[in-house]
Amino acid sequence: MRTDTDRLLRRILTDVLGLKPGQAEHFDRDSGLFGHLPELDSMAVAGLLTEMEDRLDIMIEDDEVDGELLETYGALLDFAEVKRAA
Amino acid sequence: MKLVGWPCPLPDGGTADELALCFDSDRVHRLLIIPALFDEANKLRRLTVEVIRRLDGAGIDCFLPDLPGTNESSQPLSARTPTSWQAAMAAAVTHFRATHVLGIRGGALLMPSGLPGWRYAPVKGATILRQMLRARIVASREAGLAETQDGLLKRGLQEGIELAGYQLGTEFLREFQSLVPAVAVGTTDIDQEMLGGSGLWLRAEPDEDRAQADTLAAIVAVGIKA
């Protein structure tokens, strides 16, 4: 059973990465993001974070953005869940 | 479709030729399109021109000028400010005898007053700036440098800054960070929800969407002829 955050995050990744409908449904916790998806360069990461802020109603600080945050889908989802709960 | 040179005002007086993409058949309805800014301009270029082709087919002349300092412009971007861009767009209205104007995303920040028109998904200067600062921070982090938005902005306001490949001057930053789309009589907002699907500026890479182009063009065409 997916959480609300999980569904929203898949939707955001679909919009930012221009994924085909349904493609993000196959992401699991270990799916690689930064460094694995060629579309995800620094500009796209910036866009992704801004979209996450808007749609998840969270604020992301500069020092929270590091390589680990975007390493896998699971790491990004955990971060978003914690932020939304705060 | 023609690329046409036109005399665009310089910040310090005089003019310099800038290029505009024109569909000009001397028709009654003449639409000036102010493009999206910076990286978003690349991502929305195809949608913008697809909309123009449809409007041309609907009997509307269209003019898409370069913003001085971007695209084919021979002018340095670092000498430009949002105010000088606004002046350039106001001059383009006069030169091309535009009857209506369409501002796309950040282009909505540069709308000349006095003309009826539309703002497609207007966005604040601060939002665009935040995105560009963030991209720079992510890239710097990859290179092992720790930068912050506040630190970069502070330095940029003193000495200018390069963001996403764009060299922005101190005055540009000062104006841009507090620039919001101005509310004007006769201007209608077109939200992304009206087009269906997600905004193409969000995409990591330029893309196209025919259905969105159809809808955006239809909204403008119906509005102009109403």
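The following paragraphs describe the contact between chains A and B, two helices, and several individual residues in a predicted model.

The contact between the two chains takes 19 residues from chain A and 18 residues from chain B. On the side of chain A that touches chain B, the elements giving two or more residues are helix H1 (4-17) and helix H2 (42-56) of chain A, and the largest share of that side, 9 residues, comes from H2(A). When the residues of this side of chain A are divided by character, 9 are nonpolar, 4 are polar and 6 are charged.

Helix H1(A) can be checked against the length expected of a helix: at 1.5 Å a residue, its 14 residues should span 20 Å, and because the C-alpha atoms at its ends are 20 Å apart, the model agrees with this expectation. Within H1(A), the buried residues are Thr5(A), Leu9(A), Arg10(A), Ile12(A), Leu13(A), Asp15(A), Val16(A) and Leu17(A), and what covers them includes H2 and helix H3 (73-85) of chain A. Just after H1(A) comes Gly18(A), which takes a positive phi of about 65°.

A similar check can be made for helix H2 (residues 82-96) of chain B, whose 15 residues should span 21 Å at 1.5 Å a residue; its end C-alpha atoms are 21 Å apart, so the two values agree. The buried residues of H2(B) are Pro82(B), Ser84(B), Trp85(B), Ala88(B), Met89(B), Ala92(B), Val93(B) and Phe96(B). These buried residues pack against five strands, namely E1 (2-9), E2 (15-23), E3 (30-34), E4 (61-65) and E5 (100-104), and also against helix H5 (170-176), of chain B. H2(B) is followed by Arg97(B), whose phi is positive, near 55°.

The largest nonpolar core holds 87 residues, and those that touch the most other members are Val45(A), Leu31(B), Leu32(B), Ile33(B), Cys62(B) and Phe63(B). For Val45(A), once its neighbours within four places in sequence are left aside, the contacts are with Phe34(A), Leu40(A) and Leu70(A) of chain A and with Val138(B) of chain B.

Most residues other than glycine have a negative phi. Against this background, two further residues of chain B may be described. Asp26(B), although it is not a glycine, has a positive phi of about 55°, and Asp26(B) is found in the loop between E2 and E3 of chain B. Asp26(B) counts as exposed because it has 7 C-beta neighbours inside 10 Å, where 12 or fewer are required. Phe38(B), likewise not a glycine, also has a positive phi of about 55°, but its place is in helix H1 (residues 38-57) of chain B. With 22 other C-beta atoms within 10 Å, Phe38(B) reaches the threshold of 20 or more and is therefore buried.

The loop between E2 and E3 of chain B is also the place of Arg27(B). Arg27(B) has 13 other C-beta atoms within 10 Å and is therefore partly exposed. Not counting residues up to four places away in sequence, Arg27(B) touches Gly59(B), Ile60(B) and Asp61(B). The C-alpha atoms of Arg27(B) and Cys62(B) are separated by 9.8 Å, although these two residues are 35 residues apart along the chain.

Terms used
Residues numbered from 1 in each chain as written. Chains lettered and ligands numbered in written order. Predicted model: local features only at pLDDT ≥ 70, side-chain atom pairs only at ≥ 80, totals over all residues. Contact = placed C-beta atoms within 7 Å. Helix = DSSP H or I, 4+ residues; strand = E, 2+ residues; numbered from the N terminus. Nonpolar A, V, L, I, M, F, W, Y, C, P; charged D, E, K, R; others polar. Expected span 1.5 Å × (residues − 1). Core = buried A, V, L, I, M, F, W, Y, C linked by C-beta atoms within 7 Å.
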